[in-house]
Amino acid sequence: MSAKLLEGKPIAEKIKQNLKQEIASLKSKFNTTPTLATVQVGENPQAAIYLKSQKKVAQELGIEFQEHPLAATLTEEALIDYIEKLNHDKNVTGILLQLPLPAQINAKDIPIHINPLKDVEGMHPENVGQAIFGKMRIGSCTALSVMELIKSTGVDLYGKEAVIVGHSEIVGKPVSLLLLDKFATVTTCHIATGQRGYLPTHVKRAEILVVAVGKPGIIQGEWVQEGAIVIDVGINRVGDKIVGDVEFEKAFERASFITPVPGGVGPLTVTMLMKNLVEAFKLQQK
Ligand code: NAD
């Protein structure tokens with residue numbers, strides 16, 4: 001058996017078509033344009049690539065895109081003050097903080113200072129809390145992309161064994177919550193699982209496997225259960241290639257669906273960001 005490829009681009013295109021129409025009708029109904037303000041502290045070549053693709057998608061959809069470049073020496077307090085200003089700016093619908101941040105700023109301290117109705121990355125505790133109650137309004141773009149990819153397979157998640165490897169705030173934890181909300185039986189693995197040597201045991205049980213670690217090939221292809229759905233979130237540069245966390249060739253032979261890296265989760269995340277922005281716009285009009 002070999003898997004079907006789960007590519008992000010066609011799903012992103014469909015979502016973008018719907019968003020484009022929705023944005024056009026929101027603009028004419030409220031006579032204002034949804035606006036994304038992105039804040040970048042210092043310069044980073046990786047962040048510059050993301051920024052460029054965010055700008056392109058925003059323009060494509062009719063979203064106003066504001067760039068706020070700030071000095072690399074900015075203090076955490078000054079960044080929080082700047083975010084406060086954007087929170088109160090009536091022209092700004094959503095605030096996006098580009099990562100990485102310079103060492104003097106702790107990225108985990110910032111989301112609580114973003115107005116939860118403008119938190120287009122779904123990282124404010126209020127938005128995370130909504131997910132716990134199964135009422136998510138705005139959520140982690142990567143986690144939402146993972147859920148869209150799984151949804152596209154048509155699988156019924158009820159009672160399925162879902163194994164998530166990685167427990168970050170941005171991917172592993174929100175994906176675990178979202179799958180739990182669909183009544184999957186969820187196991188979340190992390191560094192300690194790996195260190196105790198239990199990773200293969202859990203992965204072999206997975207009917208749905210989501211991996212977000214950042215270590216190339218950490219999931220061996222032979223651990224993948226026949227017929228499993230495999231979502232590889234990892235992005236690793238190996239030489240001049242980008243690879244995921246799963247040994248692709250072997251896993252491809254065993255899975256029913258598998259995401260390529262690049263081309264799986266990545267192309268969807270910017271679209272989910274814009275979907276969050278539209279959600280934020282609608283919440284602010286209420
Ligand atoms: P992170 O670095 O915050 O966390 C890594 C996770 O992996 C932690 O939960 C850690 O406990 C776990 N881990 C580390 N070593 C392990 C081991 N040996 N066994 C089991 N678990 C182990 O991760 P993140 O920010 O969620 O990113 C993970 C990967 O996903 C990275 O490669 C990142 O580039 C990628 N990513 C991709 C997208 C996208 O849009 N495609 C978005 C976000 C992150």
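In this predicted model, β5, helix α6 (residues 172-181) and β6 come together as a right-handed β-α-β unit. The two strands of that unit, β5 (residues 161-165) and β6 (residues 185-189), run parallel to each other and are linked by 5 bridges. One of the pairs can be picked out by name: Glu-161 has Thr-185 as its bridge partner in β6.

Zooming out, β5 and β6 belong to an open sheet of 6 strands, and reading across it gives the order β1-β11-β8-β7-β5-β6, with parallel pairing. The sheet is bounded by β1 (4-5) and β6, edge strands that each pair on one side only. As background, strands of a sheet pair through backbone hydrogen bonds, in either a parallel or an antiparallel arrangement. Elsewhere in this sheet, β8 (residues 229-232) lines up with β11 (residues 257-258), again in the parallel sense, over 2 bridges. Here Val-230 sits opposite Ile-258 of β11.

On the domain level, the assignment for the protein chain lists domain 1 (30-120) and domain 2 (141-266). Taken over C-alpha atoms, the centres of domain 1 and domain 2 are 29 Å apart.

Now for the ligand. A shell of 22 residues surrounds the ligand, and the closest are His-167, Ser-168, Ile-191, Lys-215 and Ile-235. By residue class, the shell splits into 11 nonpolar, 10 polar and 1 charged. Two helices, α7 (191-195) and α10 (266-285), each contribute at least two residues to this shell.

As for polar contacts, the side chain of His-167 places an N or O atom 2.5 Å from an oxygen atom of the ligand. The side chain of Ser-168 likewise has an N or O atom 2.5 Å from a ligand oxygen. The backbone joins in too: a polar backbone atom of His-190 lies 3.3 Å from a nitrogen atom of the ligand. Overall, of the 850 Å² of accessible area that the ligand has on its own, the protein covers 74%.

A few backbone details are worth a look before using the coordinates. Leu-99 and Pro-100 are joined by a cis peptide bond, with omega at about 0°. That proline, Pro-100, is in the loop that runs between β4 (94-97) and α4 (125-132). Another cis peptide bond connects Val-261 and Pro-262, where omega is about -5°. Pro-262 is part of the loop between β11 and α10, and α10 is one of the helices that supply residues to the ligand shell. Finally, Asn-31 is not a glycine, yet its phi is positive, at about 55°. Asn-31 is located in the loop between α1 (8-30) and β2 (35-41).

Note on methods
Residues numbered from 1 in each chain as written. Predicted model: local features only at pLDDT ≥ 70, side-chain atom pairs only at ≥ 80, totals over all residues. Heavy atoms only, no water. Near = heavy atom within 4 Å. Polar contact = N/O pair within 3.5 Å; in protein donor to acceptor, adjacent residues only side chain to side chain. Areas by Shrake-Rupley, 256 points an atom, 1.4 Å probe, with all protein chains shown as cover. Helix = DSSP H or I, 4+ residues; strand = E, 2+ residues; numbered from the N terminus. Nonpolar A, V, L, I, M, F, W, Y, C, P; charged D, E, K, R; others polar. Domains from an automatic or database assignment. Pairing = 2+ DSSP bridges. Right-handed = clockwise from strand over helix to strand, strands pointing away.
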